[in-house]
Amino acid sequence: MLRFVVRRLLLLVPILIGLSILVFLWIRALPGTPATALLGERATPAAVAAVREQYGLDDPVHEQYYAYVKTLSRLDFGDSITTRRPVLEEFQQRFPATIELALAAMLFSILLGIPLGFLAAKRHGGVLDHLSLVGSLLGISIPIFFLAIVLKYVFAVKLGLLPTVGRMSVLITIEHPTNFYVLDSLLAGDLEALWDVLKHLILPAVALGSIPLAIIARITRAAVLDVQNEDYVRTARAKGLSPSIVDRRHVLRNALLPITTIIGLQTGLLLSGAVLTESVFAYPGIGTWLLEAIEARNYPVLQGGILFVAIVFVLVNLLVDISYAFLNPRIRLS
Amino acid sequence: MSIAELEARELQLEPGGGGLWSDAWRRLRANPGAIVGFVLVGLFVVVALFAPLIAPEDPRTGDLSRLAGRCCPGPSAEHWFGVDQQGRDELSRIIYGARFSLLIGVVSVAVGLSIGMILGSIAGYVGGVLDSLIMRLMDVMLSIPGFLLAIGIVAMLGPGLFQIMIAVGATQIPIFARLLRGSILAQRENDFVLAARSIGVPRRTILASHILPNAISPVIVQGTLALATAIIDVAGLGYVGLGPQDPSTPEWGTMLTDTTRYLQTAPHLAIIPGIAIVISVLGFNLIGDGLREALDPKLRGRG
């Protein structure tokens, strides 16, 4: 097990090196240069030359890459061009927003998906089973931003039940020591703020959670159906255990392995969906941050931000692999 | 059930033992989900191919007088899906939009599939340093969330139909490369490969005519499902403002985005393109699921 973890951690090294090269080259391939992005189209040649000098854009490429890696290792990503605030500071503010949203989406999909899949398998071939199959097919076929727009239109615009944009009402101010607003409002002991934050989370979380919900329900159904016909389940029933105990101890517990894997895989994929969901709800997370940065050619944010996101994504996938290995005795014990 | 019993059952159910493909086809036809999928995709393809014959009007030119000061008139006898913010017939735009979705979907999957397959087969069959090099590169590509990668590529290449196809295709390269490599590694050790090698069949011929045909079925399944993902990704790119350059292009994702401003007064303008996307994606997903079940060797011989 330890060897497996060490091996996977070592594999991270080439990935990170490759990533930094890729991001470095990508930034330089973007149309428009930092100079024109900073100074506008009508800058004087002298001003452009000064900016090129400042960013070292006239140095040989390998020296530029070396300088880039050096700033990375110091965790110094410079200041955002549009807000003039340090990139790291903005990241610390934006990142918890996306994590909070992703966790809420995952919670929604797990709490609904596993019982739904389980019930569908228990009533195999029944109405609920067919409904859940059709529902989960629709769930993976609806573009996330379309669902988000429809939800926003129905629940926020038409019915006025929930807020349309943002993380929190502007009328409420609380301290933000962690930038996880749910946690912040709990720490402040402000229930009104907590309720407000939760209301802002509901629609984005449901939209973002729709795909994992569909997939978790489907996998749960398939896994339970699979396990249900195993010999050990028959034995457990034959020795007179009550159906609920058989379900809990023998069926669900063994079905949990594929379910955990899929939950992990989906958690990584949430980052992709977050870009679109955040965009619909003007939610100030990583997704909207990067989209704005691409539009404004905000180089410092892009250099740091994309790398951050990729590292988080790789680490999440690594954790998934390790927990999978840990849960699966065949890998754990080998 | 014992293995002997299982085998007996399989023998009973497979009289004459059809080949993999005829067998799969038989099972696909018996799957109601796949039939619905074929109908939806068939409809989608027919509409896309014969758009100029079906569409009542030109999708790009509108008549602002139809708006009569309000946006936008809903469905009527003349305009089944209503009129959009520029006075264009929404039905015609949806019909022509099928062309773009299908074209972009097919081309981008073709790009991802062919490059991915070449890389995957080299990695799987040649092995060694080349294998590690290719697979590490794929790891790096997979370490950026797919949709973000597509956004990055479009930002780099600039907006446009061709660039979108490349971007969406590129995100699918690592998926196909991994899939094919795994599949080939599994096939490489088979007896028939050993037999071919021992009688001196050249390596390239072994790969092309012995290994690839046997490793291809997961790729076909993934290819169908990838069409669904590609259509969704293209619409998503349209949504974040990276759609086709010409704003009059009837692309479903862009149509959906451009009309969210009129959601209050004309919700149909956003909802109809959305439903068109869902229907086409659903069709490919249904076929993909059906194919997966039909080609799964574990399920062979079960009705």
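## A helical chain, a bent helix and a shared core

Let's start with helix 8 of chain B, residues 161-188: its 28 residues reach 39 Å from first C-alpha to last, close to the 40 Å expected at 1.5 Å a residue. Bear in mind that this is a predicted model. The helix isn't perfectly straight, though: helix 8 of chain B bends by about 30° at B:Q172. A proline turns up within four residues after that point, namely B:P174.

Now for chain A. Its secondary structure is quick to describe, with 14 helices and zero strands, so reading along the sequence gives one α after another. Here are some overall figures for the chain.

| Property of chain A | Value |
|---|---|
| C-alpha trace along its principal axes | about 85 × 55 × 40 Å |
| Buried residues | 35% of the 334 residues |
| Contacts (separation of 6 or more) between residues 24 or more positions apart | 71% |

What about the nonpolar core? The largest one has 156 residues. Which members touch the most others? They are A:L101 from chain A, plus B:A150, B:I151, B:V154 and B:I231 from chain B. As for where the core's residues come from, helix 9 of chain A (residues 191-228) gives the largest share, with 18 residues.

A:L101 deserves a look of its own. Leaving aside residues up to four places away in sequence, A:L101 touches A:L201, A:P204, A:A205 and A:L208. Its other contacts on that count are A:A274, A:Y283 and A:G285. As a general backdrop, nonpolar side chains tend to be buried together in soluble globular proteins.

Note on methods. Residues are numbered from 1 along each chain as its sequence is written. Chains are lettered from A and ligands numbered from 1 in the order in which they are written. This is a predicted model: local features need pLDDT of at least 70, side-chain atom pairs count only at pLDDT 80 or more; totals for chains, interfaces and linings use all residues. Helices (H or I, at least four residues) and strands (E, at least two) are DSSP runs, numbered from the N terminus. The expected span of a helix is 1.5 Å times one less than its number of residues. The bend at a residue is the angle between axes fitted to the seven residues ending there and the seven starting there. A nonpolar core is a set of buried Ala, Val, Leu, Ile, Met, Phe, Trp, Tyr and Cys residues joined through C-beta atoms within 7 Å. A residue is buried if 20 or more other C-beta atoms lie within 10 Å of its own, exposed if 12 or fewer, and partly exposed in between; C-beta atoms are placed from the backbone. Two residues are in contact if their C-beta atoms, placed from the backbone, lie within 7 Å.
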